[in-house]
Amino acid sequence: MKIKNNPVQYFVEGETEKAFIEQIKNKYILSGKIDVLNILQNDIKNSRLMSIKPNTTIILIFDTDVQEKELLNRLAQNIKILKASKHIKEIIVIPQVLNFEDELVYATNIKSIEKFIPNCTKKEFKS
């Protein structure tokens, strides 16, 4: 599924988020390319921008448990770079306030992450 027939590109903070998005795309969320890129710690390079298809919707998923001014400035600069790209149609920002598992529990009506994926402990979910 694409937003109005446009491609979707996810930039997620880590492997846990990537694995989760892989499992639920096409079922509960938009399908799209998923790259691990911590936009708080890494700059978005021109080479990455050049690989983005025209009219792409960018979805950024990252933790907000950061208070270092340098990291917040990098986030702002990365969003500014993305907005300036001619290939990007829109940017959706999904900050995680808690850890990823707690965010899922908060965002759904489940009581614990173990109930989200049957026969899976919290430790197994992380792997």
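This is a short tour of a predicted model, going from the whole chain to its sheet and then to one helix.

**Before you start.** Residues are numbered from 1 along each chain as its sequence is written, side-chain values use heavy atoms, and hydrogens and water are left out. Local features need pLDDT of at least 70 and side-chain atom pairs count only at pLDDT 80 or more, while totals for chains, interfaces and linings use all residues.

**Stop 1: the whole chain.** Show the cartoon and you will find six helices and four strands, in the order β-α-β-α-β-α-β-α-α-α along the sequence. Helices (H or I, at least four residues) and strands (E, at least two) are DSSP runs, numbered from the N terminus. Now colour by burial: of the 127 residues, 43% are buried, meaning under 20% relative accessible area with a 1.4 Å probe, protein chains only; exposed is over 50%, and partly exposed lies in between.

**Stop 2: the sheet.** Select the four strands. They form an open sheet in the order 2-1-3-4, with parallel pairing; two strands pair if DSSP finds at least two bridges between them. Strand 2 (33-36) and strand 4 (88-96) are the edges, each with a single partner strand, so one side of each has no neighbour in the sheet. On average, neighbouring strands are turned by 20° against each other, direction ignored.

Zoom in on strand 1 (residues 8-12), which runs parallel to strand 2 and is joined to it by four bridges. Pick F11, and look across to its bridge partner in strand 2, D35.

**Stop 3: helices on the sheet.** Add helix 1 (residues 15-24), which packs on the sheet and touches strand 1, strand 2, strand 3 (56-63) and strand 4. Contact here means heavy atoms within 4.5 Å. The direction of helix 1 makes about 170° with that of strand 2. Angles run from 0 to 180 degrees between N-to-C directions, with axes fitted to C-alpha atoms, for helices over the stretch in contact. Next add helix 3 (residues 69-84), which touches strand 3 and strand 4 and makes about 155° with the direction of strand 4.

**Stop 4: around helix 3.** Which residues of helix 3 are buried? Select L71, R74, L75, N78, I79 and L82 to see them. They cover an arc of only 135° around the axis (taken from the directions from the helix axis to the C-beta atoms), which puts them on the same side of helix 3. These buried residues pack against helix 2 (46-50), strand 3 and strand 4. Finally, rotate to the face turned away from the buried side, where K69, E70, K80, K83 and A84 are exposed.
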